[in-house]
Amino acid sequence: MALGALEAILEDGRGGVWFVPAASPAAVKTVAKGAGFAYFHIEGKNIGRKEQFLNAAATAMRFPGHFGHNWDALEECLTDMDGIEGDGYVIYYDHIDGLMTAHPDQFETLVEICRDAVASWKEEGTAMVVLFSGSKAPKGVSKLKEKAED
């Protein structure tokens, strides 16, 4: 995995949405925490539907009890993380293949929501990094390489 690229991105305080073919959640967490970022891991092994993803995201990111379990609510929570300590946010969603293969249109919506959240935080001067991992990159998501590209 391109941990060096992730370190550089976090050090520069840049946000973005990238694909990594394989990465240890523990290694990503170490890099994120080392840079002072809050880290969230969404385990996707058993996620094949939107509802399952939203439940996993709510648990991993400790969304409030009133979380609406829909895309709008996800976007609201991703752009309102003020109570979470950190210089920025790293969200690592691995084993994306189940949801991406079963519901590619919903996965595209998820990517769009993540990009919107990253842009929103960028306007606030805070970096949010979203990493997807699986057997192939989601449509329109660049692979994180040792020399990171925007």
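Me: A polar contact is a pair of N or O atoms within 3.5 Å, and within protein one of the two must be able to donate a hydrogen and the other to accept it. With that in mind, which residue caps the N-terminal end of α4?

Reply: The structure above is a predicted model, and every value discussed here was computed from it. At the N-terminal end of α4, a side-chain oxygen of the capping residue lies 3.1 Å from the backbone nitrogen of Asp72. The residue that supplies this oxygen is Asn70.

Me: Why do the buried residues of α4 lie on the same side of the helix, and what arc do they cover?

Reply: The buried residues of α4 are Trp71, Ala73, Leu74, Cys77 and Leu78. An α-helix has 3.6 residues a turn, so residues three or four places apart point the same way. The buried residues are on the same side of α4 because around the axis they cover an arc of only 160°.

Me: Which residues are exposed on the other side of α4?

Reply: The buried residues of α4 have covering elements that include α3, β3, α6 and β4. To count as exposed, a residue needs a relative accessible area over 50%. On the other side of α4, the residues that are exposed are Asp72 and Glu76.

Me: Which element supplies the largest share of the largest nonpolar core?

Reply: This core has 38 residues, and those with the most contacts inside it are Phe53, Leu74, Tyr93, Leu110 and Phe132. Several helices and strands each supply at least two of its residues, including β1 (16–20), α3 (50–60) and β4 (127–133). The largest share, 8 residues, comes from α6.

Me: How many residues are in the second, separate core?

Reply: Before turning to the second core, it helps to look at Phe132, whose contacts beyond four places away in sequence include Val17, Tyr93, Leu110 and Val141. Apart from the largest core there is a second one, which includes Leu6, Val31, Phe37 and Val90. The number of residues in this second, separate core is 19.

Me: Within what arc do the buried residues of α1 fall?

Reply: Helix α1 runs over residues 3–12, and Ala5, Leu6, Ile9 and Leu10 are buried in it, whereas Glu11 and Asp12 are exposed on the other side. Among the elements that cover the buried residues of α1 are β1, α2 (25–34), β3 and β4. The buried residues line one face of the helix, because seen down its axis they fall within an arc of 130°.

Me: Is Leu10 buried or exposed?

Reply: Leu10 has its place in helix α1, and beyond four places away in sequence it touches Val31, Ala32, Ala35, Phe37, Val90 and Val129. Buried means under 20% relative accessible area. Leu10 has a relative accessibility of 4%, and therefore it counts as buried.

Me: How many residues of β3 are buried?

Reply: In a regular strand the side chains alternate between the two faces of the sheet. In β3, Gly88, Val90, Tyr92 and Asp94 are buried on one side, and Tyr89, Ile91 and Tyr93 are buried on the other. β3 is thus mostly covered, and the number of its residues that are buried is 7 of 7.

Me: In β4, what is the bridge partner of Gly88?

Reply: β3 pairs with β2 in the parallel sense over 6 bridges, and within that setting His41 stands opposite Tyr92 in β3. β3 and β4 also pair in the parallel sense over 6 bridges. In β4, the bridge partner of Gly88 is Ala127.

Me: Near what value is the phi of Arg62?

Reply: Most residues other than glycine have a negative phi. Arg62 lies in the loop between α3 and α4 and is exposed, with a relative accessible area of 61%. Its phi is positive although the residue is not a glycine, and the value is near 50°.

Me: What is the phi of His69, about which value?

Reply: His69 lies in the loop between α3 and α4. At 40% relative accessibility, His69 counts as partly exposed. His69 is not a glycine, yet its phi is positive, with a value of about 55°.

Methods: Residues are numbered from 1 along each chain as its sequence is written. This is a predicted model: local features need pLDDT of at least 70, side-chain atom pairs count only at pLDDT 80 or more; totals for chains, interfaces and linings use all residues. Side-chain values use heavy atoms; hydrogens and water are left out. A nonpolar core is a set of buried Ala, Val, Leu, Ile, Met, Phe, Trp, Tyr and Cys residues joined through side-chain atoms within 4.5 Å. Buried means under 20% relative accessible area, exposed over 50%, partly exposed in between (1.4 Å probe, protein chains only). Helices (H or I, at least four residues) and strands (E, at least two) are DSSP runs, numbered from the N terminus. Contact means heavy atoms within 4.5 Å. The arc is that of the directions from the helix axis to the C-beta atoms. Two strands pair if DSSP finds at least two bridges between them.
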